[in-house]
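Biologist: I should like to go through some local features and helix packings of this protein. Might we begin once the sequence and structure are on display?

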Amino acid sequence: MYRVAITGIGIVSCLGNNLQEVGAALRAGRSGIVIDPRRVEMGFRSPLTGQISNFDDSLLSRKQRKSMPDFAVWAYATARDALAQAGLDAAAIANDMTGLIYGCDSSCVAAVEQVAVLAEKGDTHSIGSGQIFRSMTSTVTMNLNTLLQTRGACWSLSSACSSGGHAVGQAADLIRLGRQERVICGGAQEINWQSMCSFDGLGAFSPRVEDPCAASRPFDAERDGLVPSGGATSVVLERYDLAEKRGACILGELLGYGFSSDGGQLAVPSHDGISRAMRMALDQSGLAAAEIDYLSAHATSTPAGDAAEAANIRAVFGASTPPISSLKSMTGHELWMSGASQVVYATIMAQQKFIAPNINYTRPSADTAGLNIIRETIHQAPSKVLCNSAGFGGTNSALVLRFS
């Protein structure tokens with residue numbers, strides 16, 4: 001089995017469009033949550049959302065963007081940044097041993113737009129050739145494959161809000177088995193209101209519109225729902241020995257990947273699913289639970305979800321848990337990309353030597369009491385990190401990372 005190195009990362013999120021901006025926001029505990037006026041106009045119960053600001057899409061031509069929804073363009077930008085940090089040029093990735101795997105479980109707005117064109121024009125000819133590629137769930141990987149000219153693995157992974165975590169884990173497995181030498185992996189999530197209206201109808205979103213930055217409250221007694229968000233993120237994983245041989249700057253190592261499913265209900269998490277994924281990831285990593293010095297929680301700020309994760313964490317770590325924070329307190333729930341973005345956020349913190357807090361955590365509820373929740377920024381780099389993600393249908397991912 002080969003070791004797996006992290007050599008490049010990139011991100012576009014509501015906290016910023018580059019590693020420096022995002023790192024500064026995480027360190028300061030600064031929220032990226034806003035009120036979307038369009039959602040107010042459309043009658044949403046909760047108009048709260050993460051928002052991508054000041055993104056420059058001129059890195060691609062209009063023709064190239066024709067087949068890409070905005071989140072695929074964001075994904076390309078993050079892949080480009082991650083490859084630049086990794087020191088991999090076009091020639092180095094245009095081969096059978098370089099792959100692409102991204103987590104993505106929807107591409108809603110393109111389907112809405114093409115139906116609107118048909119209704120207005122009365123014929124399908126007016127829809128345009130780009131819409132078919134924009135509306136497919138695999139839009140990120142098919143477009144990135146064309147742009148980057150990779151020739152190995154190329155697929156999108158759909159598993160609700162654990163999609164990004166499973167994409168990174170599966171990429172690592174391919175490298176570990178020797179089937180790929182490097183994989184550009186990550187996740188992407190659309191933010192448009194069209195993709196969120198049915199979710200809003202479930203009453204799952206926080207209605208705390210009087211204070212948007214305080215709305216996402218993972219593990220807190222007053223949590224009342226998640227805040228939707230999104231963006232895109234990329235991670236370059238490589239065979240560790242090959243990265244060392246070419247003199248790459250190794251940012252960290254992916255030691256373990258665990259997965260599980262609840263085998264239960266569609267929208268109610270179980271009290272053992274995530275713990276089974278965590279144990280699998282720890283077993284593969286060779287680390288004991290007590291060696292983890294930071295846990296990046298999935299916790300989305302929903303009453304039932306946070307309670308279930310708290311129980312799963314106690315099942316693995318017992319009464320003494322590592323420092324824990326859910327970065328969704330600042331970013332909102334990045335849905336399909338969230339498992340992959342946690343890897344990027346953890347790597348940023350390791351590089352910039354701090355651990356970000358769980359903002360808006362004032363007091364625990366009965367079911368989250370006893371967890372070691374980080375209330376203030378810790379000015380010390382994490383060394384051994386466990387990242388959780390979970391999705392509808394009871395699909396769970398856990399990743400163990402090591403930073404030197």
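Biologist: Is Pro-47 buried or exposed?

Modeller: In this predicted model, Pro-47 lies in the loop between helix H2 (37-42) and strand S3 (48-50). Its relative accessibility is 7%. Buried means under 20% relative accessible area, so Pro-47 counts as buried.

Biologist: What separation in space is found between the C-alpha atoms of Pro-47 and Ile-35?

Modeller: Setting aside neighbours within four places in sequence, Pro-47 is in contact with Val-34, Ile-35, Asp-36, Arg-39, Val-40 and Val-209. Ile-35 is thus one of the contacts of Pro-47. The two residues are 12 residues apart along the chain, and their C-alpha atoms are separated by 5.4 Å.

Biologist: Which residue offers its backbone oxygen to a polar atom of the side chain of Ser-229, at 2.8 Å?

Modeller: Ser-229 lies in the loop between helix H10 (197-201) and strand S7 (231-239). With a relative accessible area of 1%, Ser-229 is buried. Beyond four places in sequence, Ser-229 touches Cys-14, Gly-50, Gln-189, Glu-190, Ile-191, Thr-331, Gly-332, His-333, Glu-334 and Leu-335. The backbone oxygen lying 2.8 Å from a polar atom of the Ser-229 side chain is that of Thr-331.

Biologist: Leu-335 is among the residues that Ser-229 touches. What is the phi of Leu-335?

Modeller: Leu-335 is placed in the loop between helix H14 (328-331) and helix H15 (338-352). Leu-335 counts as buried, because its relative accessibility is 1%. Although Leu-335 is not a glycine, its phi is positive, at about 50 degrees.

Biologist: And what is the phi of Asn-360?

Modeller: Asn-360 is found in the loop between H15 and strand S11 (384-391). At 18% relative accessibility, Asn-360 falls under the 20% cut-off and therefore counts as buried. Asn-360 is not a glycine either, yet its phi is positive, at about 70 degrees.

Biologist: How are H1 and H15 oriented to each other?

Modeller: The axes of helix H1 (residues 19-28) and H15 come within 10 Å and cross at roughly 85 degrees. Angles of 65 to 115 degrees count as roughly perpendicular. H1 and H15 are therefore roughly perpendicular to each other.

Biologist: How many charged residues does the contact of H1 with H15 have?

Modeller: From H1, the residues are Leu-19, Gln-20, Val-22, Gly-23, Ala-24, Leu-26 and Arg-27, and they meet Tyr-345, Ile-348 and Gln-352 in H15. By class, six of the residues in this contact are nonpolar and three are polar, and the number of charged residues is one.

Biologist: Turning to another pair, how many nonpolar residues does the contact of H4 with H8 have?

Modeller: The axes of helix H4 (residues 70-86) and helix H8 (residues 139-148) come within 10 Å and cross at roughly 50 degrees, which makes H4 oblique to H8. In H4, Phe-71, Ala-72, Ala-75, Tyr-76, Ala-79 and Leu-83 meet Thr-139, Val-140, Leu-144, Leu-147 and Leu-148 in H8. This contact has one polar residue and no charged residues, and the number of nonpolar residues is 10.

Biologist: What is the handedness of the crossing of H12 and H13?

Modeller: Helix H12 (residues 273-285) and helix H13 (residues 303-317) pack with their axes 8 Å apart, at an angle of about 40 degrees. That angle makes H12 oblique to H13. The crossing of the two helices is right-handed.

Biologist: How many charged residues are in the contact of H12 with H13?

Modeller: H12 contributes Gly-273, Ile-274, Ser-275, Met-278, Arg-279 and Leu-282, which meet Glu-309, Asn-312, Ile-313, Ala-315, Val-316 and Phe-317 in H13. These residues divide into seven nonpolar and three polar, and the charged ones number two.

Biologist: How far apart in space are Gly-394 and Ser-270, C-alpha to C-alpha?

Modeller: Gly-394 is placed in the loop between S11 and strand S12 (395-402), and its relative accessible area of 5% makes Gly-394 buried. Beyond four places in sequence, Gly-394 touches Ser-260, Ser-261, Asp-262, Gln-265 and Leu-266. Gly-394 and Ser-270 are 124 residues apart in sequence, and their C-alpha distance is 7.4 Å.

Technical notes. Residues numbered from 1 in each chain as written. Predicted model: local features only at pLDDT ≥ 70, side-chain atom pairs only at ≥ 80, totals over all residues. Heavy atoms only, no water. Axes fitted to C-alpha atoms, helices over the stretch in contact; angles between N-to-C directions. Helix = DSSP H or I, 4+ residues; strand = E, 2+ residues; numbered from the N terminus. Parallel < 35°, antiparallel > 145°, perpendicular 65-115°, else oblique. Left-handed = near helix turned anticlockwise from the far one by under 90°. Contact = heavy atoms within 4.5 Å. Nonpolar A, V, L, I, M, F, W, Y, C, P; charged D, E, K, R; others polar. Buried < 20%, exposed > 50% of the residue type's maximum accessible area, 1.4 Å probe, protein only. Polar contact = N/O pair within 3.5 Å; in protein donor to acceptor, adjacent residues only side chain to side chain.
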